[in-house]
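This briefing covers a single protein chain. It goes from individual residues to helices and then to the chain as a whole.

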Amino acid sequence: MTIQEAAQRSGLSAHTLRYYERIGLIHSVGRDGSGHRDYVEGDLQWLEFLTKLRTTGMPIADMCRYAELRRMGPDTADARRVMLELHRERVRSRIAELTQDLKVLDYKIDRYRGQA
């Protein structure tokens with residue numbers, strides 16, 4: 001599929017896809033007979049995972065390291081697992097912080113409702 005189709009399906013812009021390719025998050029995408037990028041289903045699955053990492057706050061540098069390890073093959077599975085476990089803990093910590101922040105907001109909203 002073209003870069004425009006991949007952008008539409010992934011929810012990322014064509015600019016972002018080119019950037020991800022340039023910094024090594026996406027392996028060299030295949031090319032069609034005209035030399036245009038030709039994304040396949042596996043590329044979209046990888047983009048979906050990258051989007052989850054980014055949405056959960058993983059820094060681009062860590063994402064690049066993960067992608068590099070992935071390209072190195074199955075021998076790096078333990079290192080990738082450890083990276084994801086550490087990131088999961090950061091996400092859980094952030095969720096706990098946000099939960100506390102939400103409680104404060106709820107308390108203030110309830111106070112304002114009681115004054116009305």
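Leu 50 lies in helix α3 of this predicted model. With a relative accessible area of 0%, Leu 50 is buried, the cut-off for that class being under 20%. Setting aside neighbours within four places in sequence, its contacts are Tyr 20, Leu 25, Ile 26 and Met 63. The points below start with α3 and then take up the other helices and the overall form.

**Helix α3**

- Helix α3 runs over residues 41-55.
- From Leu 50 to Met 72 the sequence separation is 22 residues, and the C-alpha atoms are 17 Å apart in space.
- Leu 53 is also placed in helix α3.
- The relative accessibility of Leu 53 is 4%, so this residue counts as buried.
- Not counting residues up to four places away in sequence, Leu 53 touches Met 58, Met 63, Leu 84 and His 87; Met 63 is also one of the contacts of Leu 50.
- Between the C-alpha atoms of Leu 53 and Arg 65 there are 12 Å, for a separation of 12 residues along the chain.

**Helix α5**

- Helix α5 spans residues 77-115, and His 87 has its place there.
- His 87 has a relative accessible area of 6% and is therefore buried.
- The contacts of His 87, leaving out residues up to four places away in sequence, are Leu 53, Thr 56, Gly 57 and Met 58.
- Met 58 is thus found in the list for His 87 and in the list for Leu 53.
- Leu 98 is another residue of helix α5.
- At a relative accessible area of 43%, Leu 98 is partly exposed, a class that lies between the 20% and 50% limits.
- Leu 98 is 78 residues from Tyr 20 in sequence, and their C-alpha atoms are 29 Å apart.

**Helix α2**

- Which residues of helix α2 (residues 14-23) are buried? They are Ala 14, Leu 17, Tyr 20 and Glu 21.
- Viewed down the axis of α2, these buried residues fall within an arc of 120°, so they line one face of the helix.
- His 15 and Arg 22 are exposed on the other side of α2.
- The packing partners of the buried residues of α2 are α1 (3-10), α3 (41-55) and α4 (60-72).
- One contact with α3 is that between Tyr 20 and Leu 50.
- Ala 14, a residue of α2, touches Ile 3 and Ala 7 when residues up to four places away in sequence are not counted.
- Ala 14 and Asp 38 have a C-alpha to C-alpha distance of 13 Å and are 24 residues apart in sequence.
- Gly 24, just after α2, has a positive phi of about 95°.

**Helix α1**

- In α1 the buried residues are Ile 3, Ala 6 and Ala 7.
- Their arc around the axis is only 100°, which puts them on the same side of α1.
- Exposed residues Gln 4, Gln 8 and Arg 9 sit on the face of α1 turned away from the buried side.
- The cover over the buried residues of α1 includes α2 and α3.
- Ile 3 and Ala 7, both buried in α1, are the residues that Ala 14 touches.
- Gly 11 follows α1 and has a positive phi, near 80°.

**Overall form and surface**

- The protein chain has 5 helices and 0 strands, in the order α-α-α-α-α along the sequence.
- The radius of gyration is 20 Å, whereas a compact globule of 116 residues would have one near 13 Å.
- Along the principal axes, the C-alpha trace spans about 70 × 35 × 20 Å.
- Of the 116 residues, 27% are buried.
- Of the contacts between residues at least 6 apart in sequence, 46% join residues at least 24 apart.
- About 8100 Å² of the protein chain is exposed, and carbon and sulfur atoms supply 53% of this area.
- The chain carries 20 positive and 17 negative charges, and the mean positions of the two sets are 5 Å apart.

Key: Residues numbered from 1 in each chain as written. Predicted model: local features only at pLDDT ≥ 70, side-chain atom pairs only at ≥ 80, totals over all residues. Heavy atoms only, no water. Buried < 20%, exposed > 50% of the residue type's maximum accessible area, 1.4 Å probe, protein only. Helix = DSSP H or I, 4+ residues; strand = E, 2+ residues; numbered from the N terminus. Arc of directions from axis to C-beta. Contact = heavy atoms within 4.5 Å. Rg over C-alpha atoms; globule rule 2.2 N^0.38 Å. Areas by Shrake-Rupley, 256 points an atom, 1.4 Å probe, with all protein chains shown as cover. Lys, Arg positive; Asp, Glu negative; His and termini not counted. Charge placed at Lys NZ, Arg CZ, Asp CG, Glu CD.
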